[in-house]
Amino acid sequence: MNISYKWLKNYIDLDINPEETAKILNTIGLEVEGMSLTEEIPGGLAGVVVGEVLECVKHPDADKLSVTKVNVGSEDPLQIVCGAPNVAAGQKVLVATVGTSLTFSNGEEIKIKRSKIRGVESMGMICAEDELGIGTSHEGIMVLDQSAVPGTAAGEFLNLSNDTLFEIGLTPNRVDAASHIGVARDLSAYLRLNGKGGKLLMPDISSFDSLGRNNDKKAVEIEVEALDGAPRYSGLTFSDIKVAPSPEWLQKALKSIGLRPINNIVDITNFILFETGQPLHAFDRDKIEGDKVVVRYAKSGERFTTLDGVERELSPEDVMICNVNRPMCIGGVFGGLDSGITDNTTSVFLESAYFNPVSIRKTSKRHGLKTDASFRYERGADPENVPYALRRAAILLSEIAGAKVVGEVKEVYPKPFERPRITLDFKRIETFIGKEIGSKAITDILDYMDFETVSKCESGVEVIAPLYRVDVTRECDVVEEILRIYGYNNIELPSSVHASINTTPKPDPERVRNVAADLLVSNGFFEIMNNSLTKSDYYAKLKTYPESNLVRILNPLSSDLNCMRQTLLLSGLEVIAYNVNRQQSDLKLFELGNVYSISGESDPSVADSYKEQAKMSIFVTGPGSLSWKGGTGCSSYFLLKGYLELLLGRFGVELSDLSYSAAPADIFAEGLVYRTNGEKELAVMGTVNPHLLRQFGIKQPVYAAELSWSVLFNLVKRQKVMYKELPKFPEVKRDLALLVDEKVSFAELRNLALKTEKKLLKQVTLFDVYRGDKIPQGKKQYAMSFILQNLEKTMKDEDVEFTMNKLLNAFISQFGASLR
């Protein structure tokens with residue numbers, strides 16, 4: 001929201017500079033995100049001075065040039081070659097001296113240099129209007145009044161004014177400050193409380209009743225069918241309109257906040273919007289068929305062409321401003337192509353209304369239309385401001401466009417809004433604030449902020465809140481207003497702080513997460529953070545995370561952010577795709593975050609049907625770094641598996657206590673699911689399915705894992721640090737190369753091995769999978785490693801062979817495996 005310092009001073013007795021004003025605005029909760037100096041003419045015509053032409057003779061080598069001597073207030077006059085046909089001795093002119101930068105009216109920029117023109121030295125330039133950027137004329141140089149004093153700066157002579165623009169970051173609940181009067185109102189309350197003046201100067205509208213009237217015509221009638229969408233709708237008809245460029249003061253005001261002047265009618269509606277915060281809309285009366293404005297909801301399938309030339313299909317929830325035959329405007333959002341003001345307009349119907357904020361917000365998002373009007377309406381405009389803004393605009397239309405009022409103000413307002421009544425207790429307010437500020441300061445602030453006092457006693461006061469403060473409905477809301485104007489900086493820090501001692505759970509969940517993150521970072525991983533919102537299209541073909549389980553957003557910002565994520569894996573693939581597309585292909589990433597789902601059989605209105613779970617994802621991909629000092633290895637299934645099991649081992653999880661099954665095929669081409677004894681899923685890892693990678697445009701293999709924090713944390717809670725003697729007897733390692741069916745997984749083989757030999761077998765790992773030459777169709781080779789250890793004695797060869805044969809026989813009988 002842009003606020004002009006000069007414009008602001010029209011509504012408040014302000015005797016402080018812009019810097020001090022910005023400090024106060026920050027103090028009262030209107031955060032100034034930026035301040036910039038705006039100049040009426042870029043550069044302020046620095047280096048341009050008033051000059052007097054002392055002599056003017058023809059150039060010896062050019063018929064259309066003149067050589068002049070110009071007094072610019074310095075000791076010696078300047079010799080300047082001029083090409084203007086109207087230059088003459090005795091004139092007072094504006095001279096751009098050497099080194100001056102000028103911006104022409106057409107945007108061209110030049111810098112004045114000392115030069116020779118046809119052999120004659122020139123020490124500056126006598127300027128025309130367009131060369132100074134103050135007009136468009138280039139017929140000749142600008143000739144000033146004879147009272148002009150040579151040497152006077154052009155900015156001073158032309159009375160150019162500078163302005164300061166405040167860029168205020170409004171929070172969604174502060175739409176009341178989305179105007180110059182709104183900001184002035186808060187500023188006035190602060191200054192008056194602190195005895196620094198700051199009287200609020202509201203524009204007078206008492207002259208409305210005496211405006212010129214046209215009694216020969218009838219006013220446009222109003223009919224409101226959509227009362228829920230337009231609780232208050234007013235309009236006024238004008239005749240004898242003369243559409244023309246706006247006066248200079250109005251154009252300067254709009255330009256100061258970055259708006260482009262269009263014509264006097266449109267400019268007045270924009271001026272009122274940024275002055276009062278109330279949107280207005282002007283219709284060409286001659287285009288209102290039936291001389292009647294009908295406010296209704298759109299018909300199903302109805303189409304409408306907006307001011308930007310786009311034909312849009314309307315929703316039955318859209319409030320439309322129509323004539324008796326067709327729509328003219330999307331109410332509170334955007335005008336129509338065929339009902340606006342043109343140069344030929346002579347009669348106008350001016351709308352001032354209050355629209356339902358929810359309806360406007362939905363319509364604005366549905367059609368992708370963000371306008372200054374919808375910004376205010378969807379946050380809650382002030383219904384009591386409707387008549388004031390309409391009368392204020394009528395006065396300006398009369399003064400600037402020669403408008404005459406036709407008939408009376410037409411209004412439909414069947415159910416006036418009630419202001420909230422709030423009872424306040426002085427002691428409780430001071431308890432909230434943390435300081436005794438006194439009942440007088442409290443009541444003064446309430447008075448300055450337009451709170452109406454209903455009753456008052458020693459202990460408290462009952463007030464009625466203004467409707468423009470849409471978020472003030474309770475005592476705590478009023479306390480916030482009081483504290484904001486009193487000043488947070490005026491609340492001293494206490495000498496001592498009292499706090500209750502909270503016990504930290506053991507183990508501390510946050511510490512466990514930090515330990516995991518530190519472990520991965522120390523191994524070369526980077527942490528990523530993604531939005532919990534994602535697109536539902538990702539889940540269209542997934543069985544593991546079906547669309548029916550998505551938590552959908554009722555009012556999404558876009559189709560790319562229309563649901564909550566069910567898994568961290570897809571967000572991570574987005575990050576990998578983004579980096580790979582920017583030539584960063586060697587990646588080791590992890591993320592800590594929450595995932596969300598809803599049971600497809602549960603009622604979405606029941607809170608228990610929604611689930612939020614903490615997860616951790618890990619990704620490795622890329623060829624590894626290649627360096628003469630020794631590069632890192634290529635990413636692989638086993639590299640990821642090593643990192644995952646390193647992480648589990650850090651928290652004391654015994655891999656032998658877990659069970660394993662195949663990872664879901666729609667997510668992973670091959671992989672494992674780690675489960676606890678209670679069959680709860682602890683983690684899933686593997687090679688991401690190439691079909692899924694193609695969906696993200698990733699052409700290199702990606703290895704990913706996702707770990708459930710709740711399951712891991714329960715394991716960590718049960719873990720106790722125990723010490724045992726190191727084994728005295730050595731381990732024995734044996735390998736087997738087994739030919740098995742494609743459908744047989746490593747997890748099944750491992751589980752069978754651990755079940756067959758419970759005492760001596762300590763670990764089973766898979767170190768190679770081979771399909772290809774000399775391997776029959778439908779078969780694959782698993783190369784597996786087995787570690788045996790007897791804690792009581794050294795194992796003999798015959799013991800090892802007996803155990804390995806027992807394992808091999810189990811594989812043959814159970815899975816039809818054969819030894820290669």
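**Strand pairing**

I started with strand S32, residues 610-621, and looked for its partners in this predicted model. S32 pairs with strand S36, residues 702-708, in the antiparallel sense. I count seven bridges for this pair. Which residue of S36 stands opposite Met616? I found Leu707 there.

Next I checked strand S31, residues 587-598. S31 also pairs with S32 in the antiparallel sense, here over twelve bridges. For Val595 I looked up the bridge partner in S32, and that partner is Gln613. I keep one general point in mind when I read side chains here: in a regular strand they alternate between the two faces of the sheet.

**Positive phi**

I then turned to backbone angles. Asn159 is not a glycine, yet its phi is positive, about 55°. I placed Asn159 in the loop between helix H4 (154-157) and strand S13 (162-169). Is Asn159 buried or exposed? I noted a relative accessible area of 63%. The cut-off for exposed is over 50%, so Asn159 is exposed.

Asp450 was my second entry of this kind. Its phi is about 70°, again positive in a residue that is not a glycine. Asp450 sits in the loop between helix H12 (439-448) and strand S26 (452-456). I noted a relative accessible area of 37% for Asp450. Partly exposed runs between the 20% and 50% cut-offs, so that is the class for Asp450.

**Whole chain**

I stepped back to the full protein chain. It has 20 helices and 40 strands. Why do I call the chain more spread out than a compact globule? The radius of gyration is 39 Å, while the globule rule gives 28 Å for 820 residues. The value is well over the rule, so the chain is more spread out than a compact globule. I also took the spans of the C-alpha trace along its principal axes, about 125 × 85 × 70 Å.

How much of the chain counts as buried? I get 48% of the 820 residues. For contacts, I took pairs of residues at least 6 apart in sequence. Of these contacts, 70% join residues at least 24 apart.

**Surface and charge**

I closed with surface and charge. The protein chain exposes about 41800 Å². Carbon and sulfur atoms supply 49% of that area. I listed 95 positive and 110 negative side chains. The centres of the two sets lie 7 Å apart.

Technical notes: Residues numbered from 1 in each chain as written. Predicted model: local features only at pLDDT ≥ 70, side-chain atom pairs only at ≥ 80, totals over all residues. Heavy atoms only, no water. Helix = DSSP H or I, 4+ residues; strand = E, 2+ residues; numbered from the N terminus. Rg over C-alpha atoms; globule rule 2.2 N^0.38 Å. Buried < 20%, exposed > 50% of the residue type's maximum accessible area, 1.4 Å probe, protein only. Contact = heavy atoms within 4.5 Å. Areas by Shrake-Rupley, 256 points an atom, 1.4 Å probe, with all protein chains shown as cover. Lys, Arg positive; Asp, Glu negative; His and termini not counted. Charge placed at Lys NZ, Arg CZ, Asp CG, Glu CD. Pairing = 2+ DSSP bridges.
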